[in-house]
Amino acid sequence: MKRCGWVNEDSLYIDYHDHEWGVPVYDDRLLFEYLNLEGAQAGLSWYTILKKRENYRKAFDQFDPEKIVTYNNKKIEELLSNEGIVRNRLKVNAVVTNAKAFHKVVEEFGSFHTYIWSFVGGKPIKNHFKTLSEVPTTTEISDRLSKDLKKRGFKFVGSTICYAFMQATGMVNDHLLSCHCYKRT
């Protein structure tokens with residue numbers, strides 16, 4: 001079975017590629033999770049974060065923004081001692097900051113997915129790349145999304161992180177034309 005060239009032979013990675021990456025996500029909690037996991041990836045590989053994802057879910061109350069906004073200094077210190085996640089103070093604090101910003105977006109737009117998906121007109125952008133070298137790391141849309149998220153108080157949401165988020169959540173289909181998942185969306 002042909003897959004995108006970035007997929008290694010680990011079953012965790014194959015499963016992620018085949019069943020999650022590029023599949024449109026409209027669930028607010030899951031979008032919040034992906035946004036924060038992409039931010040945690042900054043400077044690391046996605047594979048590193050993917051291996052720690054279940055630990056992240058447990059440590060951050062399944063990425064429930066309602067619970068995360070209540071985190072205090074004691075909880076932050078507990079998270080920073082958790083070997084199952086990336087123990088970077090800026091990244092851990094960013095999740096709490098992002099939960100607060102998330103609530104403001106939901107208040108304004110009614111849902112996080114309404115806000116996020118508005119950047120692509122509410123439907124996935126289907127690209128037609130033949131090689132990995134054609135796949136961009138940023139686009140004008142990820143630039144706009146990054147700028148707007150930052151304006152709203154979100155952290156670890158640079159344009160490269162935003163584009164990876166868009167790919168992961170199916171806002172863009174960047175499966176290569178030769179990949180068996182390309183025709184899915």
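How much space lies in the largest cavity? About 100 Å³, and we will get to see what surrounds it on this tour of a predicted model.

**Stop 1: the cavity**

Start by selecting Asn36, Gly39, Ala40, Lys91 and Val95, the residues closest to the centre of the largest cavity among the 16 that line it. A search of the whole structure finds one cavity of 30 Å³ or more, so-called empty space of the kind that shows up when a probe the size of a water molecule is rolled over the atoms. Now colour helix 2 (28-41) and helix 6 (residues 89-109): these are the elements that give two or more residues to the cavity lining. Helix 6 gives the most, with five residues. Colour the lining by residue class and you should find eleven nonpolar, three polar and two charged residues.

**Stop 2: helix 2 against helix 6**

Keep both helices on screen. Their axes come within 10 Å and cross at roughly 145°, and the crossing of helix 2 and helix 6 is right-handed. To see the contact, select Asp28, Phe32, Asn36, Gly39, Ala40 and Gln41 on helix 2, then Lys91, Ala94, Val95, Asn98, Ala99, Phe102 and Val106 on helix 6. The residues of this contact divide into seven nonpolar, four polar and two charged.

**Stop 3: helix 2 against helix 3**

Next, hide helix 6 and show helix 3 (residues 46-59). The axes of helix 2 and helix 3 come within 10 Å and cross at roughly 130°, so the two helices are oblique to each other. This crossing, too, is right-handed. On the helix 2 side, pick out Glu33, Tyr34, Leu37, Glu38, Ala40 and Gln41; they meet Trp46, Ile49, Arg53, Tyr56 and Arg57 in helix 3. Here the contact residues divide into six nonpolar, one polar and four charged.

**Stop 4: the largest pocket**

Finally, which residues lie closest to the centre of the largest pocket? Select Trp6, Trp21, Gln41, Ala164 and Gln167, part of a lining of 17 residues. About 400 Å³ of space lies in this pocket. Gln41 may look familiar, as it was also in the helix 2 contact with helix 3 and in the one with helix 6. Show helix 1 (11-19), helix 2 (28-41) and helix 9 (159-168), the elements that give two or more residues to the pocket lining. The largest share, four residues, comes from helix 9. By class, the pocket lining holds eleven nonpolar, four polar and two charged residues.

Notes:
Residues numbered from 1 in each chain as written. Predicted model: local features only at pLDDT ≥ 70, side-chain atom pairs only at ≥ 80, totals over all residues. Heavy atoms only, no water. 1 Å grid on protein atoms, 1.4 Å probe; cavity = no way out; pocket = protein on both sides within 12 Å on 5 of 7 lines; lining within 4 Å. Points joined across faces, edges and corners; volume = space filled by probe spheres on them. Nonpolar A, V, L, I, M, F, W, Y, C, P; charged D, E, K, R; others polar. Axes fitted to C-alpha atoms, helices over the stretch in contact; angles between N-to-C directions. Parallel < 35°, antiparallel > 145°, perpendicular 65-115°, else oblique. Left-handed = near helix turned anticlockwise from the far one by under 90°. Contact = heavy atoms within 4.5 Å.
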